[in-house]
Amino acid sequence: MSNENYHVYGIGNALVDFEVEVSVEEIVQLGIEKGVMTLINEDRHQSLQAHLHGTRHNRACGGSAANTIIAISQLGGKTFYSCRVGNDETGDFYLKDLQSNGVVINHESHRPDDVTGKCIVLVTPDADRTMNTYLGVTGELGVDSLVPSAMKSSQYVYIEGYLVSSPTALEAACSARAIAEENDLSIAISLSDPSMVSFFREGLIRLIGKGVDLLFCNESEALEYTNSDNLGSAITELKKIAKRFVITLGAAGSTIWDGANLIDVEGHNVKAIDTTGAGDMYAGAFLYGLTHGFSHQKAGKLASFASAQVVQKFGPRLQDDQISIVRQYLDEINS
């Protein structure tokens with residue numbers, strides 16, 4: 001394992017996604033805040049499963065960083081993922097799903113006799129996604145899940161902001177960051193969700209520390225984290241904590257700071273069905289580009305195209321025919 005070289009080493013939550021199509025009215029009736037991630041307990045998970053009547057889609061291994069790592073792997077990159085699952089059928093499914101997508105995992109980590117994390121993803125007709133997450137054992141992800149030898153042989157260490165909601169996971173994330181710094185590895189962090197910025201700001205501040213090499217966020221997260229009321233002032237503030245950053249703007253595209261210049265990347269006019277994983281896909285394609293010699297602008301074009309593909313179907317990852325389409329686009333912009 002330690003002899004392998006990886007483009008990106010990821011650390012994040014292990015959550016099995018259960019996607020359900022629902023109406024906005026149903027979300028309101030169930031007392032759920034639309035469009036964000038809400039942490040729930042197992043009783044609430046079971047209650048929601050019993051009361052949801054919309055169309056259900058096949059389960060898939062998820063978690064923000066896992067989606068990003070899988071995206072890199074689908075495009076041909078070499079990836080490693082550190083996570084924590086329980087010794088149950090759901091945990092078996094999760095690890096097999098990761099491996100079937102070409103991701104190397106932390107095999108040696110202990111799997112407790114407990115419940116693997118689960119996330120109910122509610123998709124409304126406006127393509128918005130609302131997540132209700134029961135962390136299960138992933139909430140206990142700790143430094144024992146890290147594989148320093150694999151990390152040291154990676155170009156980037158990618159850490160999802162969702163980890164700051166758990167004290168042990170935050171410790172693991174900060175330890176991963178320290179290992180990366182000691183070995184001159186590039187550190188990429190996502191802010192993950194406006195709710196993380198609102199409720200776990202101190203954890204994010206600690207994780208970002210004196211600054212990161214690359215930060216991913218959407219417009220809402222950027223404004224919330226910097227206490228700004230406009231994108232211009234948010235950009236000014238983000239330059240103080242990140243050498244480079246990406247702000248995704250939904251259908252409007254994205255804005256990239258490459259350390260010297262602001263780069264605007266156009267979005268793609270597509271019929272969005274489900275925006276679950278759009279930001280994760282963007283981060284994955286962008287990191288694939290950077291680790292394969294692309295300029296920030298070219299990496300942004302690839303990422304914008306890939307995320308436009310993933311929102312046209314249900315679920316957070318590309319299907320086989322879409323992978324071919326994205327790889328063809330990759331060849332076009334790389335020729």
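This report walks through a five-stranded sheet and two of the helices in a predicted model.

## The sheet

Let's start with the open sheet. Its five strands line up in the order β3-β8-β7-β2-β4, and the pairing is mixed. β3 (37-39) and β4 (60-62) sit at the edges, each with a partner on one side only. Going from one strand to the next, the twist averages 30°.

Strand β2 covers residues 15-21 and runs antiparallel to β4, with three bridges joining the two. If you want a spot to look at, find Leu15: it stands opposite Gly62 in β4.

## A helix across the strands

Helix α2 (residues 42-51) lies across three strands: β2, β7 (117-123) and β8 (129-134). Relative to β7, helix α2 runs at about 40°.

## Helix α6

Now for α6, residues 167-182. How far apart are its end C-alpha atoms? They are 23 Å apart, which agrees with the 22 Å that 16 residues should span at 1.5 Å a residue.

The buried residues of α6 are Ala169, Leu170, Ala172, Ala173, Cys174, Ala176, Arg177, Ile179 and Ala180. An α-helix has 3.6 residues a turn, so residues three or four places apart point the same way. What covers the buried part of α6? The cover includes the strands β1 (6-11), β9 (154-160), β10 (186-190) and β11 (212-218). Helices α5 (148-152) and α8 (201-208) are also among the elements covering those buried residues.

Just after α6 comes Asp184, which takes a positive phi of about 55°.

Technical notes:
Residues numbered from 1 in each chain as written. Predicted model: local features only at pLDDT ≥ 70, side-chain atom pairs only at ≥ 80, totals over all residues. Heavy atoms only, no water. Pairing = 2+ DSSP bridges. Helix = DSSP H or I, 4+ residues; strand = E, 2+ residues; numbered from the N terminus. Axes fitted to C-alpha atoms, helices over the stretch in contact; angles between N-to-C directions. Contact = heavy atoms within 4.5 Å. Expected span 1.5 Å × (residues − 1). Buried < 20%, exposed > 50% of the residue type's maximum accessible area, 1.4 Å probe, protein only.
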